[in-house]
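Here is a friendly tour for anyone who likes to look at a structure from the inside out. Please keep the viewer open while you read.

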Amino acid sequence: MPESNSLANTANSVRTTPPHIIRELENGLLADAAHTSPKYFYDAVGSVLFEAICVLPEYYPTRTEAEIFTQHMADMARVIGIGGSLIDLGAGNCAKAARLFPVLHPDQYVPIDISVSHLQDAVRRLQQRFPHIEMTALGLDLAQDWKLPVEVRRDKRLFFYPGSSIGNFEPEEALAFLCHLRAACDNDAGILIGVDLIKDKTLLDAAYDDKLGVTAAFNLNLLRHINHLLHADFDISQWQHEAFFNTEKFRIEMHLRARENIHVTWPGGQRNFIKGEHIHTENSYKYSIQGFNALLADAGFSHSCHWTDKNEWFAVIHAKAV
């Protein structure tokens, strides 16, 4: 997408919130089944809360993916090769990509995240550690029609999308997203992506509803962010976090449930929520390796190679644009 500012930077008043964001939020809140996009989790507070989630004992994806990289990094480097541009999608604090630097030796690092202020702080610290790598931080909304600027080199691009964020897309949206990446690839480019695999419901439910309540705080913080973006008057104490694995659709669903009858207003809009009504805030689809490889092939990628942990809870998949 052509924008270069994050939601966090445009949340100070409703006048500075881009009109398309206002429309998207209003359309979701006023739908028969109210919903929001998970991208609105990631204001400055949400980004910090997500980092906390990643170290929780229940949240297996981060440590399991890290284990895969630790055990298989040498083989990944052999398959991928070295040099080129490492384009980090949804970079966050850039820690995952930084672990690749000593083995992939990128010439250029391009971290992309919707929370650009959080991202810029991380890149400043990282540049001090790796001064020889050219770094260009971009604040982009990956859910929109985005485009890389000319500063991003075209030769040997590697799109890095760890952490199973691809699961936040509906399957048809995931295919469109992968097609978008393929269109940005020359023949020497590729993708390295984290994919959460289908597993026991008990394990999945716990990962998204931890005992400490950090995931609940992360989910509820979305309402605080919406208050900033829309000048709405959500009262967080009136809402409750809920998360569960939908076994028919192979996805985790996160919701906020109204604890009581609630009337919410914002400039130019309002909605009544009855007790028990939900705002659907996130889906996280789980895949089989075979199913995800088929998705990659449909998007135009080939020569897929994957690595998993010993329990086969998670996979890191590389595919080429040839």
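What follows is a short briefing on helix packing, one sheet, and the empty spaces.

This is a predicted model, and the values below are computed from it. Three helix pairs come up, then an open sheet of three strands, then a pocket and a cavity.

**Helix packing**

- Helix α9 (residues 214–230) is a good place to start, and one of its partners is helix α1 (residues 19–30), packed against it at an angle of about 125° with the axes 10 Å apart.
- That angle falls in neither the roughly perpendicular range, 65 to 115 degrees, nor the one over 145 for roughly antiparallel, and α1 and α9 are therefore oblique to each other.
- The crossing of α1 and α9 is left-handed.
- Helix α2 (residues 44–53) also packs with α9: the two axes come within 9 Å and cross at roughly 170°.
- Because angles over 145 degrees count as roughly antiparallel, that is the label for α2 and α9.
- The α2 and α9 pair, too, has a left-handed crossing.
- Elsewhere, helix α7 (residues 171–183) meets helix α10 (residues 289–298), their axes coming within 9 Å and crossing at roughly 50°.
- α7 and α10 are therefore oblique to each other, and here the crossing is right-handed.

**The three-stranded sheet**

- The strand order in this open sheet is β7-β8-β11, with antiparallel pairing.
- Which strands stand at the edges? They are β7 (239–246) and β11 (278–285); each has a single partner strand, so one side of each is left without a neighbour in the sheet.
- On average, neighbouring strands of the sheet are turned by 20° against each other, direction ignored.
- β7 is joined to the antiparallel strand β8 (residues 251–258) by eight bridges.
- To find this pairing in the viewer, look for Trp239, which stands opposite Ala258 in β8.

**The second largest pocket**

- This pocket has a volume of about 190 Å³.
- Its lining counts 18 residues, and those nearest the centre are Ile80, Lys156, Arg157, Leu158 and Asp188.
- Which elements give two or more residues to that lining? They are β1 (85–89), β5 (157–161) and β13 (314–320).
- By class, the pocket lining divides into seven nonpolar, seven polar and four charged residues.

**The second largest cavity**

- Rolling a probe the size of a water molecule over the atoms shows where empty space is left.
- How many cavities of 30 Å³ or more are there? The count comes to two.
- The second largest cavity has a volume of about 40 Å³.
- Around this cavity you will find Phe50, Cys54, Tyr59, Pro61, Thr62, Glu65, Lys96 and Gly163.
- Helix α3 (residues 60–80) supplies the largest share of the cavity lining, with three residues.
- Four residues of the cavity lining are nonpolar, two are polar and two are charged.

How values were computed:
Residues are numbered from 1 along each chain as its sequence is written. This is a predicted model: local features need pLDDT of at least 70, side-chain atom pairs count only at pLDDT 80 or more; totals for chains, interfaces and linings use all residues. Side-chain values use heavy atoms; hydrogens and water are left out. On a 1 Å grid over the protein atoms alone, a cavity is a set of points where a 1.4 Å probe fits but cannot get out, and a pocket is an open set with protein on both sides within 12 Å along at least five of seven lines; lining residues have an atom within 4 Å of a point. Grid points are joined across faces, edges and corners, and a volume is the space filled by probe spheres set on the points. Helices (H or I, at least four residues) and strands (E, at least two) are DSSP runs, numbered from the N terminus. Ala, Val, Leu, Ile, Met, Phe, Trp, Tyr, Cys and Pro count as nonpolar, Asp, Glu, Lys and Arg as charged, and the others, Gly among them, as polar. Two strands pair if DSSP finds at least two bridges between them. Axes are lines fitted to C-alpha atoms, for helices over the stretch in contact, and angles run from 0 to 180 degrees between N-to-C directions. Angles under 35 degrees count as roughly parallel, over 145 as roughly antiparallel, 65 to 115 as roughly perpendicular and the rest as oblique. A crossing is left-handed if the near helix is turned anticlockwise from the far one by less than a right angle, and right-handed if clockwise.
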